[in-house]
Amino acid sequence: MIRRIVVCAAMMLALASAVFAGGPNVVVLGIDGMDPAMLKRFMAEGRMPNFQQLINEGSFSNLETSIPPQSPVAWSNFITGTDPGQHGIFDFIHRDPETYTPIFSAAEVVEPGKTLSLGDWVLPLSKGGTVLLRRGVAFWDVLQDAGVPCTIIRVPANYPPSSTEQQTLAGMGTPDLLGSYGTFALYTDDPHWDGAVASGGRIHLVQAIDGRVTTQIEGPRNSLRKSAPMLTAKMTIDVDREHNAARIAVGSHEVLLRAGEWSEWVPVEFDLMGPFKKLHGMCRFHLKSAGPTLELYASPVNIDPMRPALPISTPADYATRLAERTGRYYTQGIAEDTKALEAGAFDDGDFVAQTDTIMAERDRMLDVVLDDYQGGLLFFYVSTIDQSCHALWRDVDPAHPAHVDNNGFEDRFGELYARMDRMLGDVRARIPRDATIIVLSDHGFAPFYKKVNLNAYLYQKGYLALISPEEIGRHPLFGNVFWRRTRAYAAGLNGLYVNLAGREGKGVVPPGAQYDELLDELSRDLLAFRDPETGEQVITTVYMAKDVYHGAEQKNAPDLIVGYNQGYRSSDDSALGTVSRELIVPNLSRWTGDHCIDHRWVPGVLISNRRITADNPALVDVPVTIIRAFGAQPPAVMTGRDLFAGAAPSSTDH
């Protein structure tokens, strides 16, 4: 009987696929950070023939990005077809209004509601886990209700993956196994690293005894024990200084590397309850040097898609089925290790090599999903242009204060754009001839020359007060702010909040007329803010949330959204609540390109083989356009337009 049910279900699924195979086909490439000006330049140089052909058949337009133009905000606009007033993602960083603590915007960890204590053990009796904070209906669920199959690969702002019957793999926002957004490790016996602290990484000073280093890979804390000890896995490194090589052993797995080489993924097991329960992860190694000193990079411990410790796909086994065909792959949401580059654990060559391996993984994954594609919607996301523009802008821009001359990567952006062109060519060669193709990016890019300490500006203008002015710059997380005398503060990269009575834990500004007058005063002052060194305008737009956001989540928005001029951006310190002494400082870091500025300066791209009939397309229009391409009706909350209304599908042979 069971066998008959399974056979019948399989036949019905095959019949449904066959029926839909005659319906519309839509393939979307989401290329994070692709900039329209760069794209035009590389097309003019003849490096983008597949993009040029697609544009000749259809359309190319700038795509209005989100306010503010941050990736989790922009992709949430794309997913839901709404602005942040509906989906509730306003910045990478929100704040807890009661405590003023900066918090991650897209997801939160919920502890188990009931537990059982047995000695040192704490056993969960009810589920905890990570909760997606993005509100609204994903457009692929609208298509699901219309009977349209969808495959959604690595779309940002979708971790944990929202409940759906569609095939989805989580992207930006997916943590490593430690629960962080990427914590690398560097194992070294170089004394120059002694005492070094790496943001986003751990430096392990080790010693080789008779050529062998005995150390450990650090995992998450064991939440099943009251003491919550750190989980570890033993690792040995046999160092061959004469041949500049090393053998790394983790559990039963060994890899042999010469200096400059990368390993494949190495599984790592952590004992949660001895032999009864294991936590599975994986990492990759890069041997920078074995002699005269050892420097071994270990990637963040990723969730192993072969045995996921956390949900990363729908259905739950989809990530595993992909890995069985592609090999293991980065599951961490942002795989490009800009933190290792910032810390000096990578040089530019290491970073470029790592991003090349990421692109190779993406190519293998795209190959598999194209093999499986039999109609409906396919969305595929690529992150490497975005992360490379962040990290390597100084290499290509002589005007940047951190510019590096002639290090061999001056043409890296052109190489990556050409790689996207080859990807587009591969896609077009393998999908139905009448398929609608859309290539889009969430935003473009601009130089990041100077860091703006917005909380320092608010302090100097008298909007923010300090408990101990003599300790300015020493306290992160608003630790030195005198809230009872503070009227406004900045949190996140583009958000400014009024210290509003009844909303903030120690709010002092009454709602009503005083609140409105303060918003007007702040807006005037921010637009009048000039760079003391050059006289240039620092902030070119200030939006009031009530003017640009619509919906129930507007109550949680920053009161003002600050749009910086090109070349300027909020400092990380200010975004996380440090009040610095300096207003503006040169950006001498390695994160040297950015887009978290006035959204007018960094539009994305929209390209299709269909004719775009609407003026000034925006991200919120795209999901409506996709839904209507399948003859379905978008929900009323999606206020975007059908960008192809009145245009016939292309039948050009490609």
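**Exercise 1.** In this predicted model, determine whether Arg600 is buried, partly exposed or exposed, and identify the residue with which Arg600 forms a salt bridge.

*Solution.* Arg600 has a relative accessible area of 45%. Partly exposed residues fall between the limits of 20% and 50%, so Arg600 is partly exposed. The partner of Arg600 is Asp598, with the closest N and O atoms 2.7 Å apart. Asp598, at 0% relative accessibility, counts as buried.

**Exercise 2.** Establish which parts of the chain are tied together by the salt bridge between Arg428 and Glu57.

*Solution.* The closest N and O atoms of Arg428 and Glu57 are 2.7 Å apart. Arg428 belongs to helix H11 (residues 412-430), whereas Glu57 belongs to helix H3 (residues 49-57), so the pair joins parts 371 residues apart in sequence. Next, consider accessibility. Arg428 is buried, its relative accessible area being 5%. Glu57 also counts as buried, at 18%, since the cut-off for burial is under 20%.

**Exercise 3.** Describe the salt bridge between Arg412 and Glu415, and name the network to which these residues belong.

*Solution.* The closest N and O atoms of this pair are 3.6 Å apart, and the criterion for a salt bridge is within 4 Å. Arg412 and Glu415 are three residues apart in helix H11, which means that about one helical turn separates them. Arg412 counts as buried at 4% relative accessibility, while Glu415 is partly exposed at 40%. Salt bridges link Arg412 and Glu415 in a network with Asp356, Asp363 and Arg419.

**Exercise 4.** State how many salt bridges a search of the whole structure finds.

*Solution.* The search returns 31 salt bridges.

Conventions
Residues are numbered from 1 along each chain as its sequence is written. This is a predicted model: local features need pLDDT of at least 70, side-chain atom pairs count only at pLDDT 80 or more; totals for chains, interfaces and linings use all residues. Side-chain values use heavy atoms; hydrogens and water are left out. A salt bridge is a side-chain nitrogen of Lys or Arg within 4 Å of a carboxyl oxygen of Asp or Glu. Helices (H or I, at least four residues) and strands (E, at least two) are DSSP runs, numbered from the N terminus. Buried means under 20% relative accessible area, exposed over 50%, partly exposed in between (1.4 Å probe, protein chains only).
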